[in-house]
Amino acid sequence: MVLLAAAVCTKQGKALVSRQFVEMTRARIEGLLAAFSKLVGSGKQHTFVETESVRYVYQPLEQLYMMLVTTKTSNILEDLETLRLFSKVIPEYCHSLDEQDVLDNSFDLIFAFDEIVALGYRENVNLAQIRTFTEMDSYEEKVYEAIRKSQEKEARDEMKRKAKELQLAKRDARRGHGGGFTGGFGSQDYHGGRGGMAPSIETLPPSDIMGSSSSYGHAGGGPSSRQPSRPRSSGSAMKLGKKGKDIDSFVDKLEQEGEKVINPTAPRQSTAVSKLSSAVTKSSVHLKTIEKLSLVAGRDGGLQSMELQGILHLRISDPDYRQVKVAVTHQTKMPVQFQTHPNINKAVFGEQGMLGMKDEGKSFPLNQDIGVLKWRLQTTDESLMPLSINCWPSENAGKCDVSIEYELLQEALELSDVVISIPVPSGVGAPVISEIDGEYHYDNRKHVLEWRLPVVDGSNGTGKAEFTIAGVAGDFFPVRVAFVSTHSYCNMEVVSVSQAQSSEAVKFSKEIIFTADKYEIV
């Protein structure tokens, strides 16, 4: 056969993608494509139409046509076989099979077309080979990526080590200055400190909110009897929450060498989390609860590790409410460890569940997020998992029948935007879905099948998905889970806010964000 051109066009005759395999002028190919829409009649069962000089072989794809232009002397059976291969290529790159999707992936389609036909003659290739050729998989590239990731990890470890050294030096220098209420809420990060909370890789950015006497003067508004605090030194001590010169120079050197260094302390908030935060109407006193979960479970059952870390932020925007106390409750039997900030009265919190200043003459700063309470839960009790995932691949004649199901173990929770990501082998095509609760999306670039559930709660506490694809059982791990929730896992709740002196109730707003930082079935 001699294949002149391959094109994808709409049923109205608009050409979206066209690839010519023999030399011809633009006017000729435009004329051939324009004539096709006039020759195809509605209601006909034929898959080809001929003119005096060429033959059009075509196949409908929803609102599109996959069309081949061949010579009249070519073998019609070979033409149809080639057409079927072209038609299989289109869904590999265009999931929705609409006009915009074809235009967005036009170059990928042209590259795939070039693998099927060369100089007008079909190559002896199948769909799997086409996918492999277009991916241009390279062993050298994999080695380079592994080295790059190793360098990034070393850079992050070095940054954390230096940051810890500088933080310790700052704390020692502050102790050397002695006296006063100079610790500040900003002196501890999200996971850090020596109060029983183990350090973690990812931290929330600290806030330097107690560095001046104006932020923590007496509430009366008159001149304070205390001596003014020392002006901040411009020496080499590092301000909390900011990078020192050593770290900056280290990162700059890596960037000059072409390495992209990601700041490990930068908050990673998903779009769903941002939407939840923006939907909250904030009052003059606003309390924000953040919980992050890190969990690793085995594919054969059992919980390897689970750690939940939480923090309660207080933000005050009205000077009349700078001296308040916050009542909180946590109705849970889980082994949760709590830690108050050093400037919070720990004894009162333990007896009454009330968060207030240790020194009643002090006041909270304005317009700053203050971490007043932290908590942590570490366990290997499988019954405490929020969501149980069971992935069961069964090998069958070179293919795998994969059955995966979830079960909500904590029925009081409501998880939103749940995404269960299952890795699949590359170079074997898209998985064939036989059953699924919810929606799915196959990312052929990352070779990941995403099972998406808008909400998981008591009404749909269990769900199942089944698909088939070539591979072995180990290809489908680790399974990763992502979600966001407006319910506290530890049932941490702010009950009331009142004035510290008069106990008068204060109107407040609150929000809760519970996310999965790491949730893997390995």
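A crossing of two helices is called left-handed if the near helix is turned anticlockwise from the far one by less than a right angle, and right-handed if clockwise. With that in hand, look at helix α4 (residues 106–116) and α5: α4 passes α5 in a right-handed crossing. Before going further, note that this is a predicted model, so local features need pLDDT of at least 70 and side-chain atom pairs count only at pLDDT 80 or more, while totals for chains, interfaces and linings use all residues. Residues are numbered from 1 along each chain as its sequence is written, and side-chain values use heavy atoms, with hydrogens and water left out.

Let's stay with those helices. Helices (H or I, at least four residues) and strands (E, at least two) are DSSP runs, numbered from the N terminus. Their axes are lines fitted to C-alpha atoms, for helices over the stretch in contact, and the angles run from 0 to 180 degrees between N-to-C directions. On that basis, α4 and α5 pack with their axes 10 Å apart, at an angle of about 125 degrees. That makes α4 oblique to α5, given that angles under 35 degrees count as roughly parallel, over 145 as roughly antiparallel, 65 to 115 as roughly perpendicular and the rest as oblique.

Now bring in helix α2 (residues 76–93). Its axis and that of helix α5 (residues 127–135) come within 10 Å, crossing at roughly 50 degrees. At that angle α2 is oblique to α5, and the crossing is right-handed. What about α2 and α4? Their axes also come within 10 Å, but here the crossing angle is roughly 150 degrees, so α2 and α4 run roughly antiparallel to each other. This crossing, too, is right-handed.

Next, follow the chain into helix α6 (residues 139–177), where V143 sits. Together with Y139 and I147, V143 makes a nonpolar surface patch of about 320 Å². To join a patch, a residue needs over 30% relative accessible area and no salt bridge; like charges are joined within 9 Å, and nonpolar side chains (Val, Leu, Ile, Met, Phe, Trp, Tyr) within 5 Å. The areas themselves come from the Shrake-Rupley method with a 1.4 Å probe, and for residues only the protein chains shown count as cover. V143 has a relative accessible area of 34%, so V143 is partly exposed: buried means under 20%, exposed means over 50%, and partly exposed lies in between (1.4 Å probe, protein chains only).

Helix α6 also carries salt bridges, each being a side-chain nitrogen of Lys or Arg within 4 Å of a carboxyl oxygen of Asp or Glu. The whole structure has 20 of them. Take E145 and R148, whose closest N and O atoms are 2.5 Å apart. Because these two are three residues apart in helix α6, about one helical turn separates them. Both ends are partly exposed, E145 at 26% and R148 at 22%. R148 has another partner in E152, at 2.7 Å from N to O. Here the spacing in α6 is four residues, so again R148 and E152 are about one helical turn apart. E152, though, is buried, with 11% relative accessible area.

Further along α6, E165 and R161 pair up in a salt bridge with their closest N and O atoms 2.5 Å apart. They are four residues apart in the helix, which means about one helical turn between them. E165 is partly exposed at 44%, and R161 is partly exposed at 39%. Going back to the earlier stretch, salt bridges that share partners tie E145, R148, E152 and R156 into one network.

Finally, two loops bring distant parts of the sequence together. T281 lies in the loop between α8 (271–278) and β8 (285–297), and with a relative accessible area of 70%, T281 is exposed. In sequence, T281 and K510 are 229 residues apart, but their C-alpha atoms are 8.8 Å apart in space. The other loop, between β16 (415–423) and β17 (432–436), holds G429. Unlike T281, which is exposed, G429 is buried at 7%. G429 and I469 are separated by 40 residues in sequence and by 7.7 Å in space, C-alpha to C-alpha.
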